[in-house]
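Subject: Handing over the structure

Hi,

As promised, I'm passing this one on to you. Have a look at it first, and then read my notes underneath.

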Amino acid sequence: MKKAIVLYSGGLDSMLVIGLMQRAGVEVIPVMFQTPFHNPYSKSGMINYGKVVQDQFSVTLREVPLTDDLLDVIRDPKHGRGKNINPCIDCHLLMLQTAKQLMQTWQADFIVTGEVLGQRPMSQHKQALDLIARKSGLDGLVVRPLSAKLLPPTIPQTEGWVAEEFLLDIGGRGRKRQMALAQEWGLQDYSTPAGGCLLTDSGYSRKLKNLLESDMLDIENCHWIQLGRFFNLSEKCKLVVARNEKECKLLVKHSRTEDYIIEPREGKGPTALLRGVGSEDHAGLANAIVAYYCKHDGPLDLVIKHGQAPERIVTVAAADEAEVKQWLVM
């Protein structure tokens with residue numbers, strides 16, 4: 001029995017190729033690369049990807065960290081970016097290069113992906129698919145079952161490792177055939193088509209670009225800027241103001257010792273986190289912005305927490321709308 005590493009995103013396409021390979025008699029090793037930029041939601045909420053794979057296909061999901069190398073790719077993509085800050089070709093190339101290293105460890109014979117020809121304008125046209133496979137050193141060993149009949153034959157096809165009846169000819173951005181196959185197989189919980197990589201989201205990309213230009217791009221900050229409204233107070237000083245109760249709790253949970261946590265002393269209002277060089281110098285502006293979102297008439301008492309220092313109470317007037325918009329990265 002041949003063995004294949006399947007690059008699993010949690011989306012429908014990558015679920016389908018696991019099923020196709022199992023039906024073709026291939027032993028499947030699903031691998032999910034861990035990054036801060038993946039959308040973990042389905043229609044029913046957060047997805048437990050390991051449980052989904054185990055329940056649907058009776059295999060164990062392997063999770064592999066990719067973040068540090070991916071941040072280097074974001075800083076300097078060799079093949080350019082898409083509409084936003086997404087370095088799709090370089091990202092896919094990195095995933096295949098990493099998968100190639102895992103082939104020997106797990107004694108796999110080839111790689112399988114859920115890519116569909118023409119589905120993504122930057123990375124899923126014929127030239128890009130060919131370039132990614134060739135530059136990864138896996139030319140001929142990357143099978144894309146959903147579009148295999150529209151692409152040049154691979155070694156697993158010519159050698160008879162995967163029968164043609166388990167390979168499809170899906171192309172373009174439509175999902176009707178995939179949805180029909182999912183219904184036929186009884187597949188239910190997977191990432192929604194509108195989800196996916198945050199690097200393709202225009203709002204998130206503007207925040208990330210700001211971190212990149214400020215030399216503040218690291219793993220924690222990539223998560224942090226997802227937790228609320230993001231303010232660029234200076235090149236090295238940023239503020240995030242939570243939008244709901246869940247974000248308030250997460251901001252506190254993921255705060256660093258050097259951060260300033262800002263909260264209203266009484267009544268309702270958001271938690272905010274001030275981070276970066278010169279935070280103390282920008283504390284007044286940050287406090288005024290937080291007060292604006294508290295929607296309080298008149299001066300407002302805020303609680304300021306900073307590392308092991310005693311809590312401080314400051315009384316501030318709210319910034320006006322024009323000032324808030326001046327610093328907000330939208």
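Let's start with a question you can try on screen: leaving aside its neighbours within four places in sequence, which residues is Phe 33 in contact with? One thing to keep in mind while you look is that this is a predicted model.

Here is what I get. Setting aside neighbours within four places in sequence, Phe 33 is in contact with Leu 7, Val 64, Leu 66, Met 95, Thr 98 and Ala 99. You'll find Phe 33 in strand β2, which covers residues 27–34. Its relative accessibility is 9%, so Phe 33 counts as buried, the cut-off being under 20%. For a sense of distance, try Asp 297 as well: Phe 33 and Asp 297 are 264 residues apart along the chain, and their C-alpha atoms are separated by 48 Å.

Now the whole chain. It has 330 residues, and 51% of them count as buried. There are 12 helices and 14 strands to find your way around. Taken along the principal axes, the C-alpha atoms fill a box of roughly 75 × 40 × 35 Å. The accessible surface comes to about 16200 Å², and carbon and sulfur atoms account for 49% of that. As for contacts with a separation of 6 or more, 62% are between residues 24 or more positions apart.

Another phenylalanine is worth a click. Phe 110 sits in strand β6 (residues 110–112). Is Phe 110 buried or exposed? With a relative accessible area of 0%, Phe 110 is buried. Its contacts, again without the neighbours within four places in sequence, are Lys 2, Lys 3, Ala 4, Ile 5, Met 21, Val 26, Met 103, Leu 141, Val 143, Pro 156, Trp 161 and Val 162. Lys 100 is 10 residues from Phe 110 in sequence, and from C-alpha to C-alpha the two are 8.5 Å apart in space.

Next, some helix pairs. A quick reminder before the numbers: two packed helices are described by the angle between their axes and the distance between the axes.

I'd begin with α1 (residues 12–23) and α7 (residues 176–185), which pack at an angle of about 55° with their axes 10 Å apart. That angle makes α1 oblique to α7. The crossing of α1 past α7 is left-handed. On the α1 side, the residues that meet α7 are Leu 12, Asp 13, Leu 16, Gly 19, Leu 20 and Arg 23, and the α7 side brings Gln 178, Met 179, Leu 181, Ala 182 and Trp 185. Sorted by class, the residues of this contact are 7 nonpolar, 2 polar and 2 charged.

Helix α1 also packs with α2: the two axes come within 11 Å and cross at roughly 35°. Here α1 passes α2 in a right-handed crossing. Met 15, Ile 18, Gly 19 and Gln 22 of α1 make the contact with Val 52, Gln 56 and Phe 57 of α2. How many residues of each class are there in the contact of α1 with α2? They divide into 4 nonpolar, 3 polar and no charged. Gly 19 is worth finding on screen, as it appears in the contact with α7 and in the contact with α2.

Then there are α3 (residues 67–75) and α4 (residues 88–106), whose axes come within 10 Å and cross at roughly 150°. Angles over 145 degrees count as roughly antiparallel, and therefore α3 and α4 are roughly antiparallel to each other. Their crossing is right-handed. Asp 69, Leu 70 and Val 73 of α3 make the contact with Asp 90, Cys 91 and Leu 94 of α4. By class that gives 4 nonpolar, no polar and 2 charged residues.

Finally, a couple of backbone details. Ser 58 is not a glycine, yet it has a positive phi of about 55°. Look for Ser 58 in the loop between α2 (49–57) and β5 (62–65). Its relative accessibility is 57%, so Ser 58 counts as exposed. Asp 215, not a glycine either, has a positive phi of about 55°. Asp 215 lies in the loop between α8 (202–213) and α9 (219–224), and at 64% relative accessibility Asp 215 counts as exposed.

Over to you, and happy browsing!

How values were computed. Residues numbered from 1 in each chain as written. Predicted model: local features only at pLDDT ≥ 70, side-chain atom pairs only at ≥ 80, totals over all residues. Heavy atoms only, no water. Axes fitted to C-alpha atoms, helices over the stretch in contact; angles between N-to-C directions. Helix = DSSP H or I, 4+ residues; strand = E, 2+ residues; numbered from the N terminus. Parallel < 35°, antiparallel > 145°, perpendicular 65-115°, else oblique. Left-handed = near helix turned anticlockwise from the far one by under 90°. Contact = heavy atoms within 4.5 Å. Nonpolar A, V, L, I, M, F, W, Y, C, P; charged D, E, K, R; others polar. Buried < 20%, exposed > 50% of the residue type's maximum accessible area, 1.4 Å probe, protein only. Areas by Shrake-Rupley, 256 points an atom, 1.4 Å probe, with all protein chains shown as cover.
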